[in-house]
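User: Please put up the sequence together with the model. I will ask about the backbone, the sheet, the ligand and the charged pairs in turn.

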Amino acid sequence: MDLKALIREIPDFPKPGILFKDITTLLQNAEGLRYTIDLLAEKCAEFAPNCIVGMESRGFIFGAPLAYKLGIGFVPVRKPGKLPSAVHSIEYDLEYGTDCLEIHKDALQGGCRILMVDDLIATGGTAGATARLIQKTGCELVGCAFVIELKDLNGRRQLPDVPIVTLVQY
Ligand code: AMP
């Protein structure tokens, strides 16, 4: 299936110069959505994860059904102030300023094998920060999966030496 044909491109969103990859057109296509989750499951099963960590908010959309398909749990990484119980936090640099991500301290048991899932890897800032957050929990990151990779931005360099699956590259 040609996934690129289902991903809409919106120029100058959310700001001038950004070519936004809109996955809502993929999500609304029944065959496209099923194919995406099935393909991610096929490519990631060999990492033998026992938990998926997905980043707010589009990481939830792909991460939760992938966890269901693999028969494992799902743990959300969220923006500050959204998670109700005690959290680990990580700050990371943006183009201008910093941002922060949080995960529940008790969400992951030591020894967990984590698969990180998001819709897209661009600069890798979000994924790199999430990898450091997972490190704080004492769990092992065994792989990362993204539907889309923007290759020119070389986000992979922000990630530790683990297998990285991407379904569509630009
Ligand atoms: P980054 O931290 O630079 O790798 O950016 C990753 C996050 O920003 C992902 O969660 C994406 O949802 C979003 N993102 C970055 N660039 C784009 C883009 N061109 N189109 C759609 N989403 C993007």
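## Questions on the model

User: In the loop between which two strands is Pro 14 found?

Analyst: This is a predicted model, in which local features need pLDDT of at least 70 and side-chain atom pairs pLDDT 80 or more, while totals for chains, interfaces and linings use all residues. Numbering starts from 1 along each chain as its sequence is written, and side-chain values use heavy atoms, without hydrogens and water. Strands (E, at least two residues) and helices (H or I, at least four) are DSSP runs numbered from the N terminus. On that numbering, the loop with Pro 14 lies between β1 and β2.

User: Which residue in that loop has a positive phi without being a glycine?

Analyst: Most residues other than glycine have a negative phi, and most peptide bonds are trans. The loop between β1 and β2 departs from both habits: the bond from Phe 13 to Pro 14 is cis, with omega near 0 degrees, and a phi of about 60 degrees occurs in a non-glycine residue of that loop. That residue is Asp 12.

User: Which residue is joined to Glu 56 by a cis peptide bond?

Analyst: Omega of this bond is about -10 degrees. The partner has its place in the loop between β3 and α3. It is Ser 57.

User: Which strands stand at the edges of the open sheet?

Analyst: The sheet has 5 strands in the order β4-β3-β7-β8-β9, with parallel pairing; strands pair if DSSP finds at least two bridges between them. Two of the strands have a single partner each, so one side of each is left without a neighbour in the sheet. From one strand to the next the twist averages 20 degrees. The edge strands are β4 (73–77) and β9 (164–169).

User: What angle does helix α4 make with β7?

Analyst: Angles run from 0 to 180 degrees between N-to-C directions, with axes fitted to C-alpha atoms and, for helices, over the stretch in contact (heavy atoms within 4.5 Å). Helix α3 (residues 58–70) packs on the sheet against β3, β4, β7 and β8, and its direction is about 140 degrees from that of β7. Helix α4 (residues 125–136) lies across β3, β4, β7 and β8. Its angle to β7 is about 165 degrees.

User: How much of the ligand's accessible area does the protein cover?

Analyst: There are 14 residues around the ligand (a heavy atom within 4 Å), with Asp 119, Ala 122, Thr 123, Gly 124 and Thr 126 among those that come nearest. Polar contacts (N or O atoms within 3.5 Å) to ligand oxygen atoms include the side chain of Thr 123 at 2.5 Å, that of Thr 126 at 2.6 Å and the backbone of Gly 125 at 3.4 Å. On its own the ligand has 480 Å² of accessible area, by the Shrake-Rupley method with a 1.4 Å probe. The part covered by the protein is 80%.

User: Arg 8 forms a salt bridge with which residue?

Analyst: The count comes to 7 salt bridges, each a side-chain nitrogen of Lys or Arg within 4 Å of a carboxyl oxygen of Asp or Glu. In the pair with Arg 8, the closest N and O atoms are 2.8 Å apart. Arg 8 lies in β1 (residues 8–11) and its partner in β2 (residues 19–22), so the pair ties together parts 14 residues apart in sequence. The partner is Asp 22.

Technical notes:
Polar contact = N/O pair within 3.5 Å; in protein donor to acceptor, adjacent residues only side chain to side chain.
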